[in-house]
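Grab your viewer and work through a few exercises on chains, domains and contacts. Try each task before you read its solution.

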Amino acid sequence: MRSGMTLAAYLFLSPYLALFIAFMLLPTLAAIGISFMRWDILGAPEFIGLDNYRQIFGDPLFLTAIKNTFYFVFLTAIPMVVLGLALAMLLDQKLKGTAFVRTVVFLPYVVMVSTVGILWGWLFDKGTGLVNYYLTTIGIEPIAWLKDPHWSMPALAITTIWWTVNTNMIIFLAALQDISEELHDAATLDGAGPWQRFVYITLPLLRPAMALVTALTIINGWRVFGQAYVMTQGGPEASTFVIVQYIYLTAFQNFEMGPAAAAGVVLLLITLLFSLAQMKLMKAI
Amino acid sequence: MQDQRSNRAGKSLGGRTLAYVLMIVVTALWGAPILWMLVTSIKPESEIYAYPPTWIPDAPTLEAYGALFQRFPMLTWFRNSAVVGILTTALTLAVDALAAYPLARMQFPGRRVIMGVIFATFLLPYELLFVPLFLGLNSYGLVDSIFSLTVPASANAFGVFLLTQFFQAVPRELEDAAIMDGCGRFGFFWRILLPLTKPGLATVAIFTFVASWNNFFWPLIATNSDETRTLPVGLATLVGGAGMSMKQSVLMASAVVATLPTALFFLALQRHFVRGIAATGIKG
Amino acid sequence: MANDVFAKSLLTRRQALALGASAALAGALPRGAFAADEKVTLWHGWTGADNTTALNGVIDTFNKGGKGVTVEPTGYDWDTLFSKWVVSSAGGRAPDLVLFHITELPEFATRKVIRPIDDVVASSGLDLSQVPDAGRTGVTFDGKVYAAPLDVHPLGFYYNVDMVQEAGLDPAKPPKSGEEFLEWAKKLTVKDGSGKITRYGFELPNTWATARWIWFSLMYQFGGTFLDDKGLAAVDSEASQKALQYLVDLINVHGVTNPEVGGNKGEDAFASKQVAMKFIGPWEVNLRMAQKMNFMTAQLPVFGQKAAVWANSHCMAVSKQKSDDKLAADGTFMKWFFDNFAAPATTVGIIPQSKAVRESAAFTGTEQYKYFKSFVDDLPNIVYEPLIPQYLSVFSFDKPTPLVTNLQAALSGSKPVPDALKAMKEGLDAQLKKG
């Protein structure tokens with residue numbers, strides 16, 4: 001019986017595993033291998049031990065990239081989760097128009113990253129951008145969003161939230177719809193107000209969804225690249241230079257595959273660490 | 001959505017008013033950039049930088065769209081993207097569903113290891129995989145083919161994760177009963193599990209299709225001519241880059257054209273999409 | 001081979017039939033050379049609807065000219081062109097011909113993705129003597145010619161004629177010196193009643209490369225050079241400091257420009273009337289005309305002791321292949337393209353290298369020419385950025401390099417000019433010493 005199940009399991013898994021090994025696992029192992037080599041794509045790779053890791057950790061730009069990416073994760077993680085939940089709560093109500101609003105909020109998800117970057121790069125322009133135009137109508141002085149190193153990362157965070165908070169919203173929305181109505185009704189009868197119902201019923205039941213959303217948000221945060229690359233090219237004054245941009249340019253502009261792969265392995269370890277810590281934390285709560 | 005039962009925040013008039021005000025604010029914040037994209041695409045180049053900004057063009061024109069469709073093999077790129085998107089989605093659904101079933105519902109040696117390895121590859125930036133992948137495929141003569149654009153992308157881990165979640169929610173008793181009836185594991189998978197989790201499959205379909213449709217860097221590396229290009233790769237060459245003057249209207253028109261199919265795909269499946277995740281319980 | 005797999009699966013039956021029919025028709029045509037046409041692939045970075053259309057049109061003319069060669073062009077964004085090219089070269093799938101910037105040539109020659117073409121130039125009859133010295137030097141590496149220089153695109157001076165007239169200045173007499181320029185810049189800077197600046201005289205954005213090109217031009221005008229004799233950075237020289245200080249003073253002392261205004265990614269300060277003057281290459285001429293702006297161009301004013309202006313060029317090279325059997329076809333097209341460059345030059349907004357083409361009616365007779373003329377006049381003063389094998393990483397557009405980061409820091413005021421240039425030199429030297 002046991003071995004029968006094992007056989008069945010692997011039969012079901014085999015098509016995926018074949019593709020996974022050929023097109024994900026082998027390239028991944030190759031990338032990890034390359035992180036110990038000197039290779040410019042055109043020549044033959046040469047084993048150099050940990051030199052690439054020494055090189056990237058001796059490169060101030062890489063350390064800047066780690067710091068900036070962490071800042072980005074810090075700026076986006078909480079708003080992405082809280083706003084995702086808030087939008088889901090708002091649009092979970094039995095009101096006319098929620099389906100429409102949901103669609104509007106979801107639309108940005110299907111926009112290509114290059115478009116997102118160009119569009120928001122313009123919206124955030126100090127002189128011609130819509131953001132400043134409407135801010136000045138309520139009396140706020142124009143901000144040089146993408147040209148001031150203090151504002152560039154927040155601008156990037158806002159863009160990213162606009163673009164991707166909808167996936168979090170959808171997951172929360174689904175989870176909210178699973179919470180049984182009777183629980184709420186019973187609580188209401190017991191005299192619980194909306195806030196108490198939220199804290200004592202909704203939140204605890206949302207924990208699994210919360211865990212998934214938080215993990216995805218943090219992993220995607222660490223892997224941010226496209227919008228930063230298109231909007232600011234990592235500037236001004238290196239304020240938005242992130243890890244994947246470092247990897248991309250090291251690999252495809254300098255053609256130094258070794259250090260690029262090493263930076264990729266470091267990124268893998270960071271996200272793994274964060275994911276494990278988050279799982280532990282979520283279990284503890 | 002029919003199955004939305006609650007109006008938790010606002011039974012009172014005040015609550016409802018507040019909800020509507022918030023909904024208008026949300027619609028404005030999320031809709032305005034998209035609308036701006038649309039409006040800019042039909043403005044003549046001389047109106048684009050009107051200040052204060054105008055939401056209704058004085059002399060709307062479809063010139064930008066004309067430039068796209070008359071001068072570029074847009075239909076070829078569209079077709080390539082559609083073929084690649086549909087094939088990738090179909091293949092992903094097939095292999096991911098097959099793989100998610102045992103991972104979600106069977107106990108067997110190696111399960112945890114497989115889950116762990118799949119998760120770990122999910123964390124490595126894909127940019128790094130492209131060179132080994134390209135050289136590997138190239139040595140088998142598979143580059144610049146439909147194969148290189150669809151099959152490698154189907155090994156994505158995300159679909160497996162998501163479907164595993166969906167499959168776990170189907171009650172144990174159903175499976176036991178089906179197998180008792182002599183349905184067999186594949187019979188249960190095909191005739192009971194898949195129909196029950198149709199919404200889940202729709203969810204994965206949307207994620208996969210959107211990802212495939214918008215994918216840029218791999219198709220760039222893997223294709224060599226206008227005839228085999230997908231839409232994002234083609235569009236990138238016509239909007240103008242560094243050191244090239246760039247027309248905002250053409251840029252935005254190309255964005256509208258590229259966004260439309262995925263937006264429609266989403267609209268068509270969105271009912272399933274929301275219910276999809278709901279039906280399974282991310283609740284685990 | 002693999003190509004066919006793709007084509008088959010994507011073509012509908014009807015299209016396949018149509019293709020077959022047209023192939024049959026083509027075979028039946030009297031032009032015998034058609035079937036024997038050699039196919040040559042060309043990768044280029046002239047993206048944008050108009051550029052691509054113009055280029056494809058010119059190539060169509062060539063393909064129909066019965067020269068026995070069919071060229072298949074494919075466009076890529078400059079950034080991705082090189083990634084794609086190097087990866088493809090590693091896989092033996094490089095194109096036959098590639099277009100890139102003359103400043104990148106030493107890097108590609110060093111990486112051995114292009115081959116010397118002295119033989120091709122000789123056998124095709126491409127007349128390099130039509131090209132100014134700077135262009136010829138630019139395509140020569142290690143004593144060998146590696147590419148055909150096609151065009152020059154120097155920085156130029158654009159100004160808004162309406163604004164100049166409003167300010168009581170004469171648009172027919174643009175400033176020629178630093179003093180005159182400053183006078184214009186001051187008069188063209190407009191404040192509202194409360195003293196808030198609503199329009200700057202000059203655009204000097206601290207993003208992308210514009211500020212770098214302007215500073216580079218001024219450095220040479222003040223008698224400086226980017227590299228010293230040993231090939232290390234000379235950016236902390238007196239001339240370089242003077243040049244950068246001049247620009248910083250335009251911001252802080254004179255208040256005629258603001259590094260936060262304008263740039264390259266759609267925040268079009270010139271069209272949106274936020275600035276009256278800007279320095280940029282001839283590639284914006286067509287855009288400004290499409291925007292129906294009342295503008296004019298002029299040579300860059302001379303701020304220092306002598307005229308000097310940043311420029312770059314496109315050139316066409318032969319990508320290294322396993323065999324050389326397409327060289328003759330490559331040469332045929334290269335020469336033809338070099339000789340018939342007026343049309344693409346006009347649409348892309350660049351100045352032909354070849355004197356014969358530059359002075360031909362096909363170029364001087366265009367409606368764009370009145371704007372191109374000042375760029376042509378500035379050709380004797382052009383300076384290329386250093387032709388070094390580390391060009392792409394040192395002069396990267398999209399990476400916070402020591403060059404970009406320190407320049408931005410000086411313009412934004414977060415570092416004094418001498419400190420910024422000292423830090424820049426240290427960073428550049430580290431990059432330059434590396435292979």
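Four exercises with worked solutions follow.

This is a predicted model, where local features need pLDDT of at least 70, side-chain atom pairs count only at pLDDT 80 or more, and totals for chains, interfaces and linings use all residues. Residues are numbered from 1 along each chain as its sequence is written, while chains are lettered from A and ligands numbered from 1 in the order in which they are written.

**Exercise 1.** Describe chain A by its secondary structure, span and burial.

Start with the elements: chain A has 13 helices and two strands (DSSP runs numbered from the N terminus, H or I of at least four residues for helices, E of at least two for strands). Next, the C-alpha trace of chain A spans about 75 × 70 × 30 Å along its principal axes. Then burial: 51% of the 285 residues of chain A count as buried (20 or more other C-beta atoms within 10 Å of the residue's own, with C-beta atoms placed from the backbone). Last, take contacts (C-beta atoms, placed from the backbone, within 7 Å) in chain A between residues at least 6 apart in sequence: 69% of them join residues at least 24 apart.

**Exercise 2.** Work out which helix gives the largest share of the side of chain B that touches chain A.

Count first: the contact takes 75 residues from chain B and 75 residues from chain A. Elements of chain B giving two or more residues to that side include helix H1 (13–41), helix H3 (74–105) and helix H13 (248–280). The largest share, 13 residues, comes from H13(B). Now sort by class: that side of chain B has 52 nonpolar, 15 polar and eight charged residues (Ala, Val, Leu, Ile, Met, Phe, Trp, Tyr, Cys and Pro are nonpolar, Asp, Glu, Lys and Arg charged, and the others, Gly among them, polar).

**Exercise 3.** Split chain B into domains and look at how they touch.

The assignment (automatic or from a database) divides chain B into domain 1 (13–61) and domain 2 (65–280). Their centres, taken over C-alpha atoms, are 32 Å apart. Seven residues of domain 1 of chain B contact seven of domain 2 of chain B. The domain 1 side divides into three nonpolar, two polar and two charged residues.

**Exercise 4.** Do likewise for chain C.

Here domain 1 is 31–150 + 313–366 and domain 2 is 154–311 + 384–433. In chain C, 31 Å separate the two domain centres, taken over C-alpha atoms. The contact takes 18 residues from domain 1 of chain C and 14 residues from domain 2 of chain C. On the domain 1 side, H6(C) gives the most, with four residues.

Terms used: Contact = placed C-beta atoms within 7 Å. Buried ≥ 20, exposed ≤ 12 C-beta atoms within 10 Å, placed from the backbone.
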